[in-house]
Protein chains: 2
Amino acid sequence: MQKFAFNRGRTIFNKGDGGSELFIISSGEVGIYFPSNAEMEKPDLILKSPEIFGEMAVIDDALRMATARAETDCVLLSVTRSEFEERLSNADVVVRGVVAILSERLRDLQKRR
Amino acid sequence: MQKFAFNRGRTIFNKGDGGSELFIISSGEVGIYFPSNAEMEKPDLILKSPEIFGEMAVIDDALRMATARAETDCVLLSVTRSEFEERLSNADVVVRGVVAILSERLRDLQKRR
C-alpha cells in the first residue's frame, strides 16, 4: 500500500490509461468523469473517504474506463494487483470464490455493453 | 454451511424464487437455464465442483435470475447470507471494500439490462 497526495484539479488517471492498482480515498474528494461527459465541467460521481475507485484494474487487464480527478486536495492509498491478490489469498475460501465469480460476471456484462 | 444431495433431474431453484443462500458444488453437475431458454432441453451452462452459483442471493435481495437443476446426482454446500457476511467480516479491509464495490456495480448493471 502506497500513499499519494494529489493537489486540487490534478488528474489521477485518464480514461484509456493502463493501470494495475486501485485507490482508496484517505482524505479529500475525487471526481469520476464518465466517457459520455465530454465537457468535464462537473464530475458524474464524487467519492470520499473511505471509498474505493479503479478497482477493475486489480481484477482485469482492461484500461481505465473513466477519468478520475482530485476535486479537492486529497490523499490516496494505492493497492496494486499483486498486493490485492496477496490479501485475497488470505481470505476465506468462500469469499475468494465469490470475488472470482463477481469479477467474472462484471467483466462479461461490461464486454457486452 | 449445510450439505444437500440432489438427485439427477431435480430442480435446485427456479427463476423468480426467493433465496438467501449461494451453493458450492461438492460433486456432480448443475445446469443453469437462463430465462431466454424456454424449452429447457439443454442447460445454458454446466457447472462442476468447486464452482459457485446463486451468489447474488448473498449480496442482494433480488429473486433468482435463472433456474438451476441437477444434471447428475450431486452434492451441494449452501452458504446463507448471514454466514457469508460473517466470513466476509473476517477478511482484509481492502478485500471487503472490493466485494462491496463489485456487488454494487453488478447490481447497477443488472438493473439497467
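Of the 113 residues in chain A, 41% are buried. That is a handy starting point for a walk through this structure, which is a predicted model. Let us look at chain A as a whole before turning to individual side chains.

Chain A is built from three helices and eight strands. If you trace the sequence from its start, these elements come in the order β-β-β-β-β-β-α-β-β-α-α. How does the radius of gyration of chain A fit with that of a compact globule? A compact globule with 113 residues would have a value near 13 Å, and the 15 Å of chain A agrees with this. Along the principal axes, the C-alpha atoms of chain A fill a box of roughly 45 × 35 × 20 Å.

The contacts add another view of the fold. Taking the contacts in chain A between residues at least 6 apart in sequence, 74% join residues at least 24 apart. On the outside, chain A has an accessible surface of about 6200 Å², and carbon and sulfur atoms account for 46% of that area. As for charge, chain A carries 16 positive and 18 negative charges, and the mean positions of the two sets lie 1 Å apart.

Now to the charged pairs themselves. Over all chains, the structure holds eight salt bridges. One of them joins the side chains of A:Glu21 and A:Arg64, with an N to O distance of 2.8 Å. Why does this pair tie together parts that are 43 residues apart in sequence? A:Glu21 belongs to strand β3 (residues 21-27) of chain A, while A:Arg64 sits in the loop between α1 (56-59) and β7 (67-70) of chain A, so the bridge links those two parts. The partners also differ in their exposure class: A:Glu21 is partly exposed at 21% relative accessibility, whereas A:Arg64 is buried at 8%. The dividing value here is 20% relative accessible area, under which a residue counts as buried.

Chain B offers a pair with matching residue numbers. Here the side chains of B:Glu21 and B:Arg64 meet in a salt bridge, with 2.8 Å from N to O. B:Glu21 lies in strand β3 (residues 21-27) of chain B and B:Arg64 in the loop between α1 (56-59) and β7 (67-70) of chain B, so this pair, too, ties together parts that are 43 residues apart in sequence. With 21% relative accessibility, B:Glu21 is partly exposed, while B:Arg64 is buried at 7%.

Another salt bridge takes us across from one chain to the other. The closest N and O atoms of B:Asp92 and A:Arg87 are 2.7 Å apart. B:Asp92 comes from the loop between α2 (81-89) and α3 (93-112) of chain B, and A:Arg87 from helix α2 (residues 81-89) of chain A. Both ends of this bridge are partly exposed: B:Asp92 has 24% relative accessibility, and A:Arg87 has 21%.

To finish, stay in chain B and find B:Ser78, which is part of strand β8 (residues 74-80). Is B:Ser78 buried or exposed? Its relative accessible area is 4%, so B:Ser78 is buried. Which residues surround it, apart from neighbours within four places in sequence? B:Ser78 is in contact with B:Met1, B:Gln2, B:Phe4, B:Glu21, B:Leu22, B:Phe23 and B:Glu83. Among them is B:Glu21, the residue we met as the salt-bridge partner of B:Arg64.

Notes
Residues are numbered from 1 along each chain as its sequence is written. Chains are lettered from A and ligands numbered from 1 in the order in which they are written. This is a predicted model: local features need pLDDT of at least 70, side-chain atom pairs count only at pLDDT 80 or more; totals for chains, interfaces and linings use all residues. Side-chain values use heavy atoms; hydrogens and water are left out. A salt bridge is a side-chain nitrogen of Lys or Arg within 4 Å of a carboxyl oxygen of Asp or Glu. Helices (H or I, at least four residues) and strands (E, at least two) are DSSP runs, numbered from the N terminus. Buried means under 20% relative accessible area, exposed over 50%, partly exposed in between (1.4 Å probe, protein chains only). The radius of gyration is taken over C-alpha atoms; the globule rule is 2.2 Å times the number of residues to the power 0.38. Contact means heavy atoms within 4.5 Å. Accessible areas come from the Shrake-Rupley method with a 1.4 Å probe; for residues, only the protein chains shown count as cover. Lys and Arg count as positive and Asp and Glu as negative; His and the chain ends are not counted. The place of a charge is taken as NZ of Lys, CZ of Arg, CG of Asp or CD of Glu.
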